[in-house]
Amino acid sequence: LTLTLTLTLTLSRSPSPSLSLSLDLAMALPEALRFGLKFGPKPSLGLEYRPGADPTRKELLEVSFEPEELLGEDAARVYAGLTAAHPDFFNGEVVSEGQVLALLERLLRAVQAQAPAPEPEPEPEPEPERARA
């Protein structure tokens, strides 16, 4: 998707002098090439993309998480954080919201599966018997 803005300003003094100014601003959204997950050493989303209109240039955006940050989270809330932190990429136009949510759900399931089981709470020690007098 390319957005082109053209601004033309024409000043004229009768009958023949005139001034014309034209400004073209072209802005292209990044084009997603590949989007995927990395599970280690930290859970991450990776987006390989082509910035702007240069067909030969490729860049990588990697968003890593601490596993503890993801425990107990849901995909929609993580997605909201991504859209706030990286609005140029996670906006529904570069990568669809559904695709991001599906990958986030896979990532969250994997983090949950790798999380250590909570340690059982120790049983209280019985109180010692008191000597009777």
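## Aromatic pairs and charged side chains in a predicted model

The structure holds two aromatic pairs. In one of them, the rings of Phe35 and Phe90 have centres 6.2 Å apart and planes at 55 degrees, so this pair is described as tilted. The label follows because planes under 30 degrees apart count as stacked and planes over 60 as edge-to-face, with the rest called tilted. The pair links distant parts of the chain, since Phe35 lies in strand 3 (residues 31–38), while Phe90 lies in the loop between helix 2 (75–85) and helix 3 (97–114), 55 residues apart. Both Phe35 and Phe90 are buried. The model described here is a predicted one.

The charged side chains come next. The structure holds six salt bridges, and the table below gives three of them, including the distance between nitrogen and oxygen atoms.

| Salt bridge | N to O distance |
|---|---|
| Arg34 and Glu48 | 2.7 Å |
| Glu59 and Arg57 | 2.2 Å |
| Glu73 and Arg77 | 2.9 Å |

The salt bridge of Arg34 and Glu48 also links distant parts of the chain, with Arg34 in strand 3 and Glu48 in strand 4, 14 residues apart. Are its two partners buried or exposed? Arg34 has a relative accessibility of 59% and therefore counts as exposed, whereas Glu48, at 18%, counts as buried. The cut-offs behind these words are under 20% for buried and over 50% for exposed.

In the second bridge of the table, Glu59 is partly exposed, with a relative accessible area of 28%, and Arg57 is likewise partly exposed, with 41%. In the third, Glu73 counts as partly exposed at 28% relative accessibility, while Arg77 is exposed, with a relative accessible area of 51%.

Strand 4 (residues 44–50) is the place of Glu48, and Arg50 is found in strand 4 as well. Setting aside residues up to four places away in sequence, Glu48 touches Glu31, Ala32, Leu33, Arg34, Lys58, Glu59 and Leu60. Arg50 is buried, with a relative accessible area of 16%, and its side chain reaches the backbone oxygen of Pro55 at 3.0 Å. Which residues does Arg50 contact, leaving aside its neighbours within four places in sequence? They are Leu29, Pro30, Glu31, Leu33, Pro55, Thr56, Arg57 and Lys58. Glu31 is thus named among the contacts of Glu48 and among those of Arg50.

Conventions
Residues numbered from 1 in each chain as written. Predicted model: local features only at pLDDT ≥ 70, side-chain atom pairs only at ≥ 80, totals over all residues. Heavy atoms only, no water. Phe/Tyr/Trp six-rings, centres within 6.5 Å; stacked < 30°, edge-to-face > 60°. Helix = DSSP H or I, 4+ residues; strand = E, 2+ residues; numbered from the N terminus. Buried < 20%, exposed > 50% of the residue type's maximum accessible area, 1.4 Å probe, protein only. Contact = heavy atoms within 4.5 Å. Polar contact = N/O pair within 3.5 Å; in protein donor to acceptor, adjacent residues only side chain to side chain. Salt bridge = Lys/Arg side-chain N within 4 Å of Asp/Glu carboxyl O.
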